[in-house]
Amino acid sequence: MAINKVLAALADDTRRKILLKLQQGKISSKDLAIALDMTPQALSYHLSKLIKADLIYET
C-alpha cells in the first residue's frame, strides 16, 4: 500500500463520506449511491480510488 495513494484517497471529502457510510456495514453500490445522493458513475469513480488505495475491497 503506497502512502501517497492512501493520502490522496483520504484527501477527498466524498471518499471520506463513503468510508464513514461503509463503517456502518455492508451496503450495495446502488444503495450507497442513493444514500450519498450520487450517480452510479460518480460512485464508481470514487470506489475505484479507494480500492486502488487498499482502503476497501469488493465482495
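**Helix α2: salt bridges on one side of the story, packing on the other**

Okay, let's start with a contact: the side chains of K17 and D13 come together in a salt bridge, 3.4 Å from N to O. Before I go on, a reminder that this is a predicted model.

So where do these two sit? K17 and D13 are 4 residues apart in helix α2, which means about one helical turn separates them. In general, an α-helix has 3.6 residues a turn, so residues three or four places apart point the same way.

D13 has another partner, too. R16 forms a salt bridge with D13, and there the closest N and O atoms are 3.3 Å apart. Again both residues belong to α2, this time 3 residues apart, about one turn of the helix. Put those together and you get D13, R16 and K17 linked in a network of salt bridges. The count for the model comes to 2 salt bridges.

Are these residues buried, exposed or partly exposed? R16 has 35% relative accessibility, so it counts as partly exposed. D13 is at 39% and also counts as partly exposed. K17, with a relative accessible area of 45%, is partly exposed as well. For the cut-offs, buried means under 20% and exposed over 50%, so partly exposed is what lies in between.

Now the rest of the helix. α2 covers residues 13–23, and within it R15, I18 and L19 are buried. Why do we say they share a side? Because they cover an arc of only 95° around the axis, which puts them on the same side of α2. Flip to the other side of α2 and you find L20 and Q23, which are exposed.

What do the buried residues pack against? Three helices: α1, residues 3–10; α3, residues 29–35; and α4, residues 40–52.

Last bit, the ends. At the N-terminal end, D12 caps α2. A side-chain oxygen of D12 lies 2.9 Å from the backbone nitrogen of T14. Going the other way, α2 is followed by G25, which has a positive phi, near 135°.

So, to recap while you have the structure up: look for D13 with R16 and K17 in their salt-bridge network, then turn to R15, I18 and L19, the buried residues, and finish with the D12 cap and G25 after the helix.

Terms used: Residues numbered from 1 in each chain as written. Predicted model: local features only at pLDDT ≥ 70, side-chain atom pairs only at ≥ 80, totals over all residues. Heavy atoms only, no water. Buried < 20%, exposed > 50% of the residue type's maximum accessible area, 1.4 Å probe, protein only. Helix = DSSP H or I, 4+ residues; strand = E, 2+ residues; numbered from the N terminus. Arc of directions from axis to C-beta. Contact = heavy atoms within 4.5 Å. Polar contact = N/O pair within 3.5 Å; in protein donor to acceptor, adjacent residues only side chain to side chain. Salt bridge = Lys/Arg side-chain N within 4 Å of Asp/Glu carboxyl O.
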